[in-house]
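Student: Hey, I've got this protein open on my screen and I don't know where to begin. Can you walk me through it?

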Amino acid sequence: MMEIARRLLLICALFSTWLTYSLAEEKQRRKVCAGTNNGLSSMGSSDERYSRYREEYGGCQVVDGNLELVFLTNVTVKHNLSFLSDIEEVTGYVLIYGCHTRVIPLTKLRIIRGRKTFSAATHPNKGFAVFIAWNHNSNDTGLGEIQLKALTGKLLLLK
């Protein structure tokens, strides 16, 4: 009986070591990018922000911090945001504000941890892990679709 217990303990220890190694290896394979902490600040033109977003988030799978997409308001240019489609996880909040682009493809985003939340002036006592607002202009042109196909869980909408 004692021999069986030792063998089971050895198997558990080996499995635990293998699992730890596999998880560490998986984490290394995922590209981690630094998030931003600008809130609603808008530095540079709409096209400059787009270029900065493409550079910061291109090929990124994990955003360590906040994913902030703000003031992409140049409707004469069709910004291709397909570089966002690889993002699987955001450790902070997701802020989409003033984006007049047709589609935001966050198709692989499955986890928003909300370790840091966004505080809106309209709701100063609430912290939001996801804040999406003012994504159209006076001509009713703007954001048509946010693709969040992999995201599951509960969502609270405030009007």
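Tutor: Sure, we'll start with the overall build and then look at some spots inside. Keep in mind that this is a predicted model.

Student: Okay, so how many helices and strands does the protein have?

Tutor: There are two helices and eleven strands. Reading from the N terminus, the order is α-β-α-β-β-β-β-β-β-β-β-β-β.

Student: And what share of the residues is buried?

Tutor: The protein has 159 residues, and 35% of them count as buried. On the outside, about 10,400 Å² is exposed, with carbon and sulfur atoms supplying 56% of that area.

Student: What about contacts, how much comes from residues far apart in the chain?

Tutor: Take the contacts with a separation of 6 or more: 69% of them join residues 24 or more positions apart.

Student: Switching topic. How many aromatic pairs are there?

Tutor: The count is eight aromatic pairs. One of them is Phe118 with Phe131, whose ring centres are 5.0 Å apart. Their planes make an angle of 45 degrees, so this pair is tilted.

Student: Why tilted, and not stacked or edge-to-face?

Tutor: Because stacked needs planes under 30 degrees apart and edge-to-face needs over 60, and the rest count as tilted.

Student: Where do those two rings sit in the chain?

Tutor: Phe118 is in strand β8 (residues 118–120) and Phe131 is in strand β10 (residues 130–133). They are 13 residues apart, so the pair links distant parts of the chain.

Student: Are Phe118 and Phe131 buried or exposed?

Tutor: Both Phe118 and Phe131 are buried. They also belong to one aromatic cluster, together with Tyr93 and Phe128.

Student: Now, is there any empty space inside? How do people even look for that?

Tutor: You roll a probe the size of a water molecule over the atoms, and that shows where empty space is left. Here, a search of the whole structure finds one cavity of 30 Å³ or more. The largest cavity has a volume of about 90 Å³.

Student: Which element gives the most to its lining?

Tutor: That's α2, with four residues. Both α2 (46–57) and β3 supply at least two residues each. Among the lining residues are Arg49, Tyr53, Glu68 and Val70.

Student: What kinds of residues line that cavity?

Tutor: The lining has three nonpolar, five polar and four charged residues.

Student: And what about pockets, say the second largest one?

Tutor: The second largest pocket has a volume of about 300 Å³. It is lined by 16 residues, and the closest to its centre are Lys78, His100, Thr101, Arg102 and Val103. Its lining divides into six nonpolar, eight polar and two charged residues.

Student: Cool. Which residues have an odd backbone angle worth a look?

Tutor: Try Phe71, where phi is near 55 degrees, a positive value in a residue other than glycine. Trp134 also has a positive phi, near 50 degrees.

Student: Where are Phe71 and Trp134?

Tutor: Phe71 is in strand β3, while Trp134 lies in the loop between β10 and β11 (145–147).

Student: Why does Phe71 count as buried?

Tutor: Because its relative accessible area is 17%, and buried means under 20%. Trp134 has 44% relative accessibility, so Trp134 counts as partly exposed.

Student: Last one: where is Asn80?

Tutor: Asn80 is in the loop between β3 (67–72) and β4 (89–90). With 46% relative accessibility, Asn80 counts as partly exposed. Its C-alpha atom is 9.2 Å from that of Arg54, and the two residues are 26 residues apart along the chain.

Notes
Residues numbered from 1 in each chain as written. Predicted model: local features only at pLDDT ≥ 70, side-chain atom pairs only at ≥ 80, totals over all residues. Heavy atoms only, no water. Phe/Tyr/Trp six-rings, centres within 6.5 Å; stacked < 30°, edge-to-face > 60°. Buried < 20%, exposed > 50% of the residue type's maximum accessible area, 1.4 Å probe, protein only. 1 Å grid on protein atoms, 1.4 Å probe; cavity = no way out; pocket = protein on both sides within 12 Å on 5 of 7 lines; lining within 4 Å. Points joined across faces, edges and corners; volume = space filled by probe spheres on them. Nonpolar A, V, L, I, M, F, W, Y, C, P; charged D, E, K, R; others polar. Contact = heavy atoms within 4.5 Å. Areas by Shrake-Rupley, 256 points an atom, 1.4 Å probe, with all protein chains shown as cover.
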